[in-house]
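Biologist: Please give me a close look at a single part of this chain. Start with one residue and work outward from there.

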Amino acid sequence: MTTTLLQLSLALITLVGDYNLYSFPQKEEGVVQVKHEVYVIVFTAEWCNPCKRQKSNLYPSLSKSGYSIGLTPRHVVRICDVDANEEFAKRFKIKSVPTWVLIVKGFEKSRLEGEITTVKGFQKFSGLYPKRE
């Protein structure tokens with residue numbers, strides 16, 4: 001049983017999708033649907049102090065821990081500036097930044113409004129763990 005859960009956790013982090021942050025998802029019954037299997041969108045803004053702290057402290061730690069972070073579909077953690085992508089942020093009904101949104105198989109599964117300060121905090125929110133070599 002433990003081996004199966006570990007394999008599942010490892011499989012989740014290896015999934016890659018082809019979702020474009022600039023194309024808008026369709027909504028059904030209040031749930032946002034997209035193409036990618038598992039990833040996190042971080043809604044941020046340049047003027048946001050907690051966002052700035054995450055950028056300088058958390059993002060490098062996540063990267064060193066094996067998470068891909070960036071703006072493209074190949075990244076597990078995707079950064080979306082709410083000012084540069086207003087319509088996309090409206091689709092997700094973003095009310096504050098930073099906001100973390102976990103997408104699993106095209107559906108929003110979890111949301112956290114506020115700053116995540118540690119890799120362990122990110123893992124607790126997302127359930128994603130890097131592969132161990």
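**Helix H3 and the loop after it**

Modeller: At 43% relative accessibility, Glu87 is partly exposed, because that label covers values between buried (under 20% relative accessible area) and exposed (over 50%), found with a 1.4 Å probe on protein chains only. This is a predicted model: local features need pLDDT of at least 70, side-chain atom pairs count only at pLDDT 80 or more, and totals for chains, interfaces and linings use all residues. Residues are numbered from 1 along each chain as its sequence is written, and side-chain values use heavy atoms, leaving out hydrogens and water.

The side chain of Glu87 makes a salt bridge with that of Lys90, at 3.7 Å from N to O. The rule for a salt bridge is a side-chain nitrogen of Lys or Arg within 4 Å of a carboxyl oxygen of Asp or Glu. Lys90 and Glu87 belong to helix H3, residues 86-91, and are three residues apart, so about one helical turn separates them. Lys90 has a relative accessible area of 55%, so it is exposed. Helices (H or I, at least four residues) and strands (E, at least two) are DSSP runs, numbered from the N terminus.

The loop between H3 and strand S6 (99-104) comes next. Lys93 is found in this loop. Lys93 is not a glycine, yet its phi is positive, about 55°. Lys93 counts as exposed because its relative accessibility is 55%. Pro98 also lies in the loop between H3 and S6. The peptide bond that runs from Val97 to Pro98 is cis, with omega near -5°. Why point out these two details? Most residues other than glycine have a negative phi, and most peptide bonds are trans.

Past S6 there is another positive phi. Lys105, in the loop between S6 and S7, has a phi near 50°, and this residue is not a glycine either. Its relative accessibility is 58%, so Lys105 counts as exposed.

Now back to the charged pairs. The count of salt bridges comes to three, and the pair of Lys90 and Glu87 is one of them. In another, the closest N and O atoms of Arg111 and Glu108 are 2.8 Å apart. Arg111 is partly exposed, at 30% relative accessibility. Glu108 is partly exposed too, with a value of 24%.

Arg53 and Glu115 form a salt bridge as well, and their closest N and O atoms are 2.9 Å apart. This pair connects distant parts of the chain, 62 residues apart: Arg53 is in helix H2, while Glu115 is in the loop between strand S7 (107-113) and helix H4 (119-126). Arg53 has 40% relative accessibility and so is partly exposed. For Glu115 the figure is 29%, so that residue is partly exposed.

Where does H3 stand in the whole chain? The chain has four helices and seven strands, and along the sequence they follow the pattern α-β-β-β-α-β-β-α-β-β-α. As for burial, the chain has 133 residues, and 40% of them count as buried. The residues at the centre of this request are Glu87, partly exposed at 43%, and Lys90, exposed at 55%.
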